[in-house]
Amino acid sequence: MAEHHNTQQSDAVFISYARPDTSYAETIGDLLRDRHFSVLNDRSVSVGASFAGQLHDEISKADFFVVLMSPEYFSSRWCQAELVSAMQEEKTVVPVRIRGEPEGPLALLQHIDAESSNAPQVVERIVRALRKPRDGRRY
């Protein structure tokens with residue numbers, strides 16, 4: 001019998017993105033909220049808090065880690081720090097290519113190609129990936 005994962009508001013998704021991709025990240029976040037996910041990102045960090053420390057805490061709270069890959073993502077030290085933190089926390093990583101080519105460890109993973117899809121189609125594919133049963137590996 002197939003396992004059915006009923007998404008609750010408690011399912012939290014951290015979206016990792018580069019600054020130039022903020023508008024797209026916000027659109028994806030809004031669409032995931034519409035699907036009853038709690039969305040976290042670097043904007044979840046409180047004013048005056050240790051950015052690096054609270055960013056790590058936000059990633060720790062997430063059930064899933066969605067990466068919006070672009071050339072700017074791979075050149076950002078903060079984005080790379082988020083990815084390392086997610087991998088250390090053994091989060092389920094869902095790579096989404098919005099521009100350019102995947103680099104580093106993400107180049108080895110199957111990804112969602114957003115360049116030829118609209119945002120609702122991309123979110124549908126993200127949700128399917130999050131609901132997919134895993135074989136024990138998180139990334």
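What follows is a conversation about a predicted model of one protein chain and the reasons behind the terms used for it.

Trainee: Which elements make up the protein chain, and in what order do they run?

Mentor: The chain holds five helices and five strands. Starting at the N terminus, they follow the pattern β-α-β-α-β-α-α-β-β-α.

Trainee: What makes E2 and E5 the edge strands of the sheet?

Mentor: Look at the strand order in this open, five-stranded sheet: E2-E1-E3-E4-E5, with parallel pairing. Strand E2 (38–40) and strand E5 (112–113) each pair on one side only, and that makes them the edges.

Trainee: How do you know that E1 and E3 count as a pair?

Mentor: Two strands pair if there are at least two bridges between them. E1 and E3 have four bridges, in the parallel sense, so they meet the criterion. You can find the place in the model by looking at serine 16, which stands opposite valine 67 in E3.

Trainee: And which helices pack on that sheet?

Mentor: H1 is one of them: it touches E1, E2 and E3, and its direction makes about 170 degrees with that of E1. H4 also packs on the sheet, touching E1 and E3, with an angle of about 150 degrees to the direction of E3.

Trainee: Why is phenylalanine 14 with phenylalanine 65 called a stacked pair?

Mentor: Good one to check by hand. Ring centres must lie within 6.5 Å for a pair, and planes under 30 degrees apart count as stacked. Here the centres are 5.6 Å apart and the planes differ by 5 degrees, so both conditions hold and the pair is stacked. Phenylalanine 14 sits in strand E1 and phenylalanine 65 in strand E3, so the pair ties together parts that are 51 residues apart in sequence.

Trainee: What makes the pair of tyrosine 73 and phenylalanine 74 edge-to-face?

Mentor: The structure holds two aromatic pairs, and tyrosine 73 with phenylalanine 74 is one of them. Their centres are 5.5 Å apart and their planes meet at 85 degrees. Planes over 60 degrees apart count as edge-to-face, so the name fits.

Trainee: How do you know whether these four rings are buried or exposed?

Mentor: The cut-off for buried is under 20% relative accessible area. Phenylalanine 14 has 0%, phenylalanine 65 has 1%, tyrosine 73 has 0% and phenylalanine 74 has 12%. Each value falls under the cut-off, so each residue is buried. Across the protein chain, buried residues make up 42% of the 139 residues.

Trainee: Why is serine 85 called buried?

Mentor: Its relative accessible area is 7%, which is under 20%, so serine 85 counts as buried. Serine 85 lies in helix H4 (residues 77–88). Leaving aside residues up to four places away in sequence, serine 85 touches His56 and Ile59.

Trainee: Histidine 36 and glutamate 90 puzzle me. Why is histidine 36 partly exposed, and glutamate 90 exposed?

Mentor: Exposed means over 50%, and partly exposed covers the range from there down to the buried cut-off. Histidine 36 has 49%, so it is partly exposed. Glutamate 90 has 52%, so it is exposed.

Trainee: What makes their backbone angles worth a look?

Mentor: Most residues other than glycine have a negative phi. Histidine 36, in the loop between H1 and E2, has a positive phi near 75 degrees. Glutamate 90, in the loop between H4 and E4, has a positive phi of about 55 degrees.

Trainee: Lastly, what makes up the largest nonpolar core?

Mentor: It has 22 residues, and among those with the most contacts inside it are Val13, Ile28, Leu68 and Ile126. E1, H1, E3, E4 and H5 each supply at least two residues of this core, and the largest share, six residues, comes from H5. Ile28 touches Ile15, Ala119, Val122, Val123 and Ile126, not counting residues up to four places away in sequence. Apart from this core lies another, of 17 residues, including Leu55, Phe65, Phe74 and Ala86.

Conventions. Residues numbered from 1 in each chain as written. Predicted model: local features only at pLDDT ≥ 70, side-chain atom pairs only at ≥ 80, totals over all residues. Heavy atoms only, no water. Core = buried A, V, L, I, M, F, W, Y, C linked by side-chain atoms within 4.5 Å. Buried < 20%, exposed > 50% of the residue type's maximum accessible area, 1.4 Å probe, protein only. Contact = heavy atoms within 4.5 Å. Axes fitted to C-alpha atoms, helices over the stretch in contact; angles between N-to-C directions. Phe/Tyr/Trp six-rings, centres within 6.5 Å; stacked < 30°, edge-to-face > 60°.
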